[in-house]
Amino acid sequence: MKIFLPGGAGLVGLNLIDTIESNFPNWQILVVDKDTKKVNFGKKLYPKVEFVCEDLNNLSENNNLRKSIQDINSCVILQAEISNLNASEFINNNVLSTQTLIKELKKLNCKRIIHISSSVINSISDDIYTKTKTEQEIIVKENFPNSLILRPTLMFGRFDNKHLGWIANFMSKIPILPIPGNGRFIRQPLYVKDFCSIILKGLEDDSINGTFNITGLEKISYLSLMKKIKTIIKSNTIFIFIPKSVFSLLLKIWALVSSKPVFTDSQLNALLAGDEFDIF
């Protein structure tokens, strides 16, 4: 079995590699990701895995890469732009790259497609991330109607440097943590290794198809979640509650300093949207 992981050098991808190697050490894994730093990290961590640093939008032009994917059995579509001030990056990485990828997968007659979508598809937020992830999911469904679509909520775990892991690192270095509003909005975090076990099951059994919302079982307020992180890392961080309007202004100022901030104003709006997902 040869598994293709486009965008596989991130949180889910690296944990999925670990899950696959632990259960099926003879499976071959090919990762294509455009983030050089993440690719180099992955190469050191998993030497048996083939990592290629390439933008998926160049897939049709790269003959060597096209040769590498000739014998794949399954593809787990992982690439996604999550945080960026440039709207075109969401279009490039969530929509255009998927269109290019789908064309190649259809030529290869790839038998198994698992698409990692997002719970934002069910969100009341209407930002560029939500729009492009929705379009990405539609592209996959229209071209591979028997694919498996998974919509996870916010994830945490090993290799997390964008979400809760970033916050934990921030708390370990900075004595204060700003909290938007009263911090009592609900989160439903999902442990990434649990999610990877679900993906693995989908790779093992190609009769499982359709769209599934994958939600963390525990509903917890954002403030309680921050307190848990503070306790776990033994931090002395002080929480400062900031009105949403002021928090939004600070994020806009941050955006003037950083070309790609970890947290943006649109993500703040999504965070405070009040989404709560059903648990089945």
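Biologist: What does buried mean here, and at what relative accessibility does Glu104 count as buried?

Modeller: Buried means under 20% relative accessible area, and exposed means over 50%. The model is predicted. Glu104 falls under the buried cut-off, because its relative accessibility is 4%.

Biologist: Which residue meets the side chain of Glu104 in a salt bridge, and is that partner buried or exposed?

Modeller: The two residues of this pair lie three apart in helix H4, so about one helical turn separates them. Their side chains meet at 3.6 Å, N to O. The partner counts as exposed, because its relative accessibility is 59%. The partner of Glu104 is Lys107.

Biologist: How many residues does helix H5 have, and how far does H5 reach from its first C-alpha to its last?

Modeller: Helix H5 covers residues 128–143, which is 16 residues. At 1.5 Å a residue, 22 Å is expected. The reach in the model is close to that, at 23 Å.

Biologist: What covers the buried residues of H5?

Modeller: The buried residues of H5 include Tyr129, Lys133, Glu137 and Val140. Their cover includes one helix, H4 (87–108). Strands also take part, among them E4 (74–77), E5 (112–116), E6 (148–152) and E11 (210–214).

Biologist: Which residue of helix H5 meets Lys141 in a salt bridge?

Modeller: The pair is four residues apart in H5, so about one helical turn separates the two. Lys141 is partly exposed, because its relative accessible area is 33%. The N to O distance of this salt bridge is 3.0 Å, and the partner of Lys141 is Glu137.

Biologist: Which residues are joined with Glu137 into one network of salt bridges?

Modeller: Glu137 also meets Arg151 in a salt bridge, at 2.6 Å, N to O. This pair links distant parts of the chain, with Glu137 in helix H5 and Arg151 in strand E6, 14 residues apart. Both Glu137 and Arg151 are buried. Salt bridges that share partners thus join Glu137 to Lys141 and Arg151.

Biologist: Which side chain makes a polar contact of 2.6 Å with that of Ser117?

Modeller: Ser117 sits in the loop between E5 and H5. It is buried, because its relative accessible area is 4%. Beyond four places away in sequence, Ser117 touches Lys133, Ile149, Leu150, Arg151 and Pro152, among others. The polar contact is with the side chain of Glu137.

Biologist: Is Ser118 buried or exposed?

Modeller: Ser118 is also in the loop between E5 and H5. Leaving out residues up to four places away in sequence, Ser118 touches Tyr129, Lys133, Leu150, Arg151 and Pro152. Its relative accessibility is 7%, so Ser118 counts as buried.

Biologist: Where is Lys234 found, and what is its phi?

Modeller: Lys234 is found in the loop between helix H8 (222–232) and strand E13 (238–242). Lys234 counts as exposed, because its relative accessibility is 74%. Its phi is positive although the residue is other than glycine, with a value near 55°.

Biologist: Which residues make the nonpolar surface patch of about 310 Å²?

Modeller: One of them, Ile176, lies in strand E8 (residues 176–180). Ile176 counts as partly exposed, because its relative accessibility is 38%. The patch is made by Ile174, Ile176, Ile238 and Ile240.

Note on methods: Residues are numbered from 1 along each chain as its sequence is written. This is a predicted model: local features need pLDDT of at least 70, side-chain atom pairs count only at pLDDT 80 or more; totals for chains, interfaces and linings use all residues. Side-chain values use heavy atoms; hydrogens and water are left out. The expected span of a helix is 1.5 Å times one less than its number of residues. Buried means under 20% relative accessible area, exposed over 50%, partly exposed in between (1.4 Å probe, protein chains only). Contact means heavy atoms within 4.5 Å. A polar contact is a pair of N or O atoms within 3.5 Å; within protein, one must be able to donate a hydrogen and the other to accept it, and residues adjacent in sequence count only if both atoms are side-chain atoms. Patches are made of residues with over 30% relative accessible area and no salt bridge: like charges are joined within 9 Å, nonpolar side chains (Val, Leu, Ile, Met, Phe, Trp, Tyr) within 5 Å. Accessible areas come from the Shrake-Rupley method with a 1.4 Å probe; for residues, only the protein chains shown count as cover. A salt bridge is a side-chain nitrogen of Lys or Arg within 4 Å of a carboxyl oxygen of Asp or Glu.
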